[in-house]
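Grab your viewer and work through these short exercises. Each comes with a worked solution, so try it yourself before reading on.

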Amino acid sequence: MPLPLSTVIATAAPIAFVGMAGVGKSAVARRVATALGVECIDIDAEVSAVRGGQSVSSIFDEIGEDEFRALETAALLDALDGARNGVRGRARRAVIATGGGVVERQRNLDALRRQALVVWLRSSDDVLADRLRSSSVRRPLLDGDLEANLTRLRTRREPLYRALADIEIDVGSATIPQVVEMVLSRLSAVEDPAQDGEAAQDGEAVATAVVDEVAGTGAGTGAPR
Ligand code: S3P
């Protein structure tokens, strides 16, 4: 029988944002963390920090995607463990902003599914392309034909985000403050499962994740390495 949602919530699982580059994960995560009064951990920033402040794009250029992914996994596992166990001075509950490619590695999928409440922010390729074009941050995997690369990555990743998500939010072209409101409202529904039917469904998703952990099963419908 699934664990009651209240039990899951009481374990103070970290809240992890996933979704494509440009959807606003980092900005939303920062504001949600502030609203909840907890730490925000940005995985790209953590990877950058372990490389002495080197930018993600420069890390990609220097050591390649595989090595970047290894650093990303290490940072993610550290963030999840720290958030859950309250070690290394981290808050017990944290909000984690992942990079868009976090779903490219099975180990990340397994850890997120077991240890976090996952919020998937999604939007259309058109909206993402507009935002990415005006972003000062270079995403190496989107170099070249932005639209074609977005479509290629989204097609591969969307089923993985979907399988992982406890909460799915179509942000459309909403502003960051509007998305933060949407997230907080969905989170409060999850935290109070009696609130409405949608919340009960979210609760089941979270509880299922916990039960799957006990049963040793994982998510993942695609073929991440
Ligand atoms: C990546 C997304 C980026 C960053 C890196 C790889 C990806 O993070 O981790 O450029 O594979 O989509 P954001 O999603 O925060 O832009």
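**Exercise 1: a strand in the middle**

Strand β3 (residues 94-97) is covered on both of its faces: A94 and I96 are buried on one side, and V95 and A97 are buried on the other. Keep in mind that this is a predicted model.

Task: work out which residue of β3 is the bridge partner of I15, and which one is the bridge partner of C40.

Solution.
- Step 1. Start with strand β1 (residues 15-18), which pairs with β3 in the parallel sense over 3 bridges. I15 has V95 as its bridge partner there.
- Step 2. Go on to strand β2 (residues 39-42), which runs parallel to β3 and is joined to it by 4 bridges. C40 is bridged to V95.
- Step 3. Check the sides. In a regular strand, side chains alternate between the two faces of the sheet. That fits the split in β3, with A94 and I96 on one side and V95 and A97 on the other.

**Exercise 2: a helix with a bend**

Task: find where α7 is kinked, and list which of its residues are buried.

Solution.
- Step 1. Get the length. Helix α7 covers residues 146-164, 19 in number, and spans 25 Å from first C-alpha to last, close to the expected 27 Å.
- Step 2. Look at the start. D145 caps the N-terminal end, with a side-chain oxygen 3.4 Å from the backbone nitrogen of E147.
- Step 3. Locate the kink. The helix bends by about 40° at R157, shortly before the proline P159.
- Step 4. Collect the buried residues, using under 20% relative accessible area as the cut-off. They are L146, N149, L150, L153, R157, L160, Y161 and L164.
- Step 5. Make sense of the spacing. An α-helix has 3.6 residues a turn, so residues three or four places apart point the same way.

**Exercise 3: around the ligand**

Task: say which residues come nearest to the ligand, and how much of its accessible area the protein covers.

Solution.
- Step 1. There are 14 residues around the ligand, and K25, D44, G100, R139 and R157 come nearest. You've already met R157 as the site of the kink in α7.
- Step 2. Check the ligand's oxygen contacts. One oxygen atom is 2.7 Å from an N or O atom in the D44 side chain. For polar backbone atoms, the distances are 2.8 Å to G100 and 3.5 Å to G101.
- Step 3. Finish with coverage: the ligand on its own has 390 Å² of accessible area, and the protein covers 94% of that.

Methods. Residues are numbered from 1 along each chain as its sequence is written. This is a predicted model: local features need pLDDT of at least 70, side-chain atom pairs count only at pLDDT 80 or more; totals for chains, interfaces and linings use all residues. Side-chain values use heavy atoms; hydrogens and water are left out. Helices (H or I, at least four residues) and strands (E, at least two) are DSSP runs, numbered from the N terminus. The expected span of a helix is 1.5 Å times one less than its number of residues. The bend at a residue is the angle between axes fitted to the seven residues ending there and the seven starting there. Buried means under 20% relative accessible area, exposed over 50%, partly exposed in between (1.4 Å probe, protein chains only). A polar contact is a pair of N or O atoms within 3.5 Å; within protein, one must be able to donate a hydrogen and the other to accept it, and residues adjacent in sequence count only if both atoms are side-chain atoms. Two strands pair if DSSP finds at least two bridges between them. A residue is near a molecule or strand if one of its heavy atoms lies within 4 Å of it. Accessible areas come from the Shrake-Rupley method with a 1.4 Å probe; for residues, only the protein chains shown count as cover.
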